[in-house]
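User: Please take a close look at the charged side chains in this structure, and explain slowly which partners they meet and how they relate to the rest of the fold. I am a first-year student, so I would value one connected account.

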Amino acid sequence: MQSIDVLVIGAGAAGLMCGISAASRGRSTLVIDHANKVGKKILMSGGGRCNFTNYYTEPANYLSHNQHFCKSALSRYTQWDFIALVEKHAIPFHEKKLGQLFCDNKAKDIVNMLLAECDEKDAEVRIKCSVESVKKVESGFVVSTNQGKWQCQSLVIATGGLSIPTMGATGFGYDMAKQFGLSLYPTWSALVPFTLNPKMLEEFTGLSGVSADVRVTCNGQAFRENILFTHRGLSGPAILQISSYWQPGDLVEIDLFPDVDLFEQLKQWQMEKPKSHLVNLLAEQLTKNLAERLSELWFAELAHKPMADISHADLLLVANKLQSWQLKPTGTEGYRTAEVTMGGVDTNEISSKTFEAKKVKGLYFIGEVLDVTGHLGGFNFQWAWASGYCAGQYV
Ligand code: FDA
């Protein structure tokens, strides 16, 4: 059996950052992962370009049963700290929109940067290493794996959430929490597309790939972004964002003309363009395809009438339908395609300063396994970097 100071389980975003941070302090550190590659989610993130942080990161971008928990780490390791690291490694990046920073080239640049830092700081990384058991002993923990046994003073659980099992996601972190008597919140998939019932799917046949700039609202939370029709339902950033606030049975409301009071706009068009057909005017904002399909579904008898022939009462009906489209998703695509897992290890069990479990000396939880979930836009990686870095300062 070998002895080390720090053993990190999970060589994803949080685990690698924690390894770097701990090893920089001179702690002998090993980061293990059961997958055949490190940082698989980093590699597949942001369409292969990794949206690694966000200029506008703040605690309000995170959901948790304890809204205060994330504040300390986010302020001690900020987006600017991570950007400085990216710049130190001369990785080219750009802001896509809304403060979202992406690599110009490939997400692999970020993984290579983390591995180079591990190498420089002397943090060892082992892949294809599966944990067989974890036991608490007086001086720390004994971790048995298919590659041998280690005794460590500090054990860090950085195994992430349940999304995309084919990429190596497991419930290991939750099992560890249970083994050591820590409470957990139920988990569910978030940042995930909605599925629709067969009738709606049939109504939207042919719209697959069509997008629209909308405002989506659910349970008092709103996002202004694009929606995307797919052959299974609705996706796009606005839908992924709102999915974090949606529970089965909830209605979602979509405003397809988020910049205007559509009733006023329609009355103005009626005066300015009395001969234009309603559907053609709507197509100026929505695509032609979408304007035609929604008109056909919701107000077919008005769609091809000249504006002058439509009553104000009917214009109001049109405006209400397009600005308050209410739909009830049948569900989500689940962990198969979700970007994150909501819920997880109860943060009341964990110190927000050190990330150590309050009840179990030497046991740490970081990253997505905790009940902290970011909005879409680089916030989840920023949480992984921040929690990993901060824990690494104490392990
Ligand atoms: P992460 O999942 O990164 O790492 C956990 C590691 O633990 C994995 O390497 C896994 O193999 C390992 N592991 C699991 N069980 C184990 C076990 N039993 N034994 C050993 N090892 C084990 N976020 C963002 O900010 N910007 C973005 O662009 C994207 N894009 C994106 C796209 C897609 C498709 C997904 C699925 C997710 C994103 N995300 C994202 C979310 C982001 O990837 C996620 O929040 C972080 O990777 C979480 O970091 P962690 O280190 O906590 O877990």
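Analyst: A charge is said to sit over a ring if NZ of Lys or CZ of Arg is within 6 Å of the ring centre and also within 35 degrees of the ring normal. Please keep in mind from the start that this is a predicted model. K321 lies over the face of W298, at 5.0 Å from the ring centre. A second case is K96, whose charged end sits over the ring of F102, 4.9 Å from the centre of that ring.

Charged side chains also meet side chains of opposite charge, and a search of the whole structure finds 15 salt bridges. In one of them R27 is paired with D5, and the closest N and O atoms of the two are 3.7 Å apart. Because R27 lies in the loop between α1 (13-24) and β2 (29-32), while D5 belongs to strand β1 (residues 2-9), this salt bridge ties together parts that are 22 residues apart in sequence. R27 has a relative accessible area of 19%, and since buried means under 20%, R27 counts as buried.

Another salt bridge joins the side chains of E333 and R232, with 3.1 Å from N to O. Here E333 lies in the loop between β18 (331-332) and β19 (340-345), and R232 lies in the loop between β14 (221-229) and β15 (233-235), so the pair ties together parts that are 101 residues apart in sequence. The two partners fall into separate classes of accessibility: E333 is buried, with a relative accessible area of 13%, whereas R232, at 35%, is partly exposed.

The salt bridge between K288 and E292, in which N and O are 3.3 Å apart, is local in sequence. Both K288 and E292 lie in helix α11 (residues 288-298), and the 4 residues that separate them make about one turn of the helix. K288 is exposed, at 56% relative accessibility, while E292, with a relative accessible area of 31%, is partly exposed. Elsewhere, salt bridges that share partners link K88, E117, E120 and K121 into one network.

The surroundings of these residues are worth following as well, beginning with a sheet. This open sheet has 7 strands in the order β17-β16-β13-β14-β15-β12-β18, and their pairing is antiparallel. At the edges stand β17 (325-327) and β18, each with a single partner strand, so one side of each is left without a neighbour in the sheet. Helix α13 (residues 312-323) packs on this sheet, where the helix touches β16 (252-255) and β17, and its direction makes about 120° with that of β16. Within the sheet, strand β12 (residues 194-195) pairs with β15 in the antiparallel sense over 2 bridges, and F194 has L234 as its bridge partner in β15.

Just as loops hold R27, a loop also holds S244, which lies between α8 (237-243) and β16. With a relative accessible area of 4%, S244 is buried, and, leaving aside residues up to four places away in sequence, S244 touches L63, A190, L191 and M342.

Two other loop residues show a backbone feature that deserves a careful look. Most residues other than glycine have a negative phi. D122, however, has a positive phi near 75°; D122 lies in the loop between α5 (108-121) and β7 (123-126) and is exposed, with a relative accessible area of 65%. N219 is likewise not a glycine, yet its phi is positive at about 50°; its place is the loop between β13 (211-218) and β14, and N219 is exposed too, at 54% relative accessible area.

Finally, the whole chain gives these details a setting. The protein chain has 14 helices and 21 strands, and its C-alpha atoms fill a box of roughly 85 × 40 × 35 Å, taken along the principal axes. Of the 395 residues in the protein chain, 55% are buried. Among contacts with a separation of 6 or more, 72% are between residues 24 or more positions apart. The ring-bearing side chains have contacts of their own, since the structure holds 19 aromatic pairs, and F52, F82, F93, F381 and W385 together form one aromatic cluster.

Conventions: Residues are numbered from 1 along each chain as its sequence is written. This is a predicted model: local features need pLDDT of at least 70, side-chain atom pairs count only at pLDDT 80 or more; totals for chains, interfaces and linings use all residues. Side-chain values use heavy atoms; hydrogens and water are left out. A salt bridge is a side-chain nitrogen of Lys or Arg within 4 Å of a carboxyl oxygen of Asp or Glu. Buried means under 20% relative accessible area, exposed over 50%, partly exposed in between (1.4 Å probe, protein chains only). Rings of Phe, Tyr and Trp (its six-membered ring) pair if their centres lie within 6.5 Å; planes under 30 degrees apart count as stacked, over 60 as edge-to-face and the rest as tilted. Two strands pair if DSSP finds at least two bridges between them. Contact means heavy atoms within 4.5 Å. Axes are lines fitted to C-alpha atoms, for helices over the stretch in contact, and angles run from 0 to 180 degrees between N-to-C directions.
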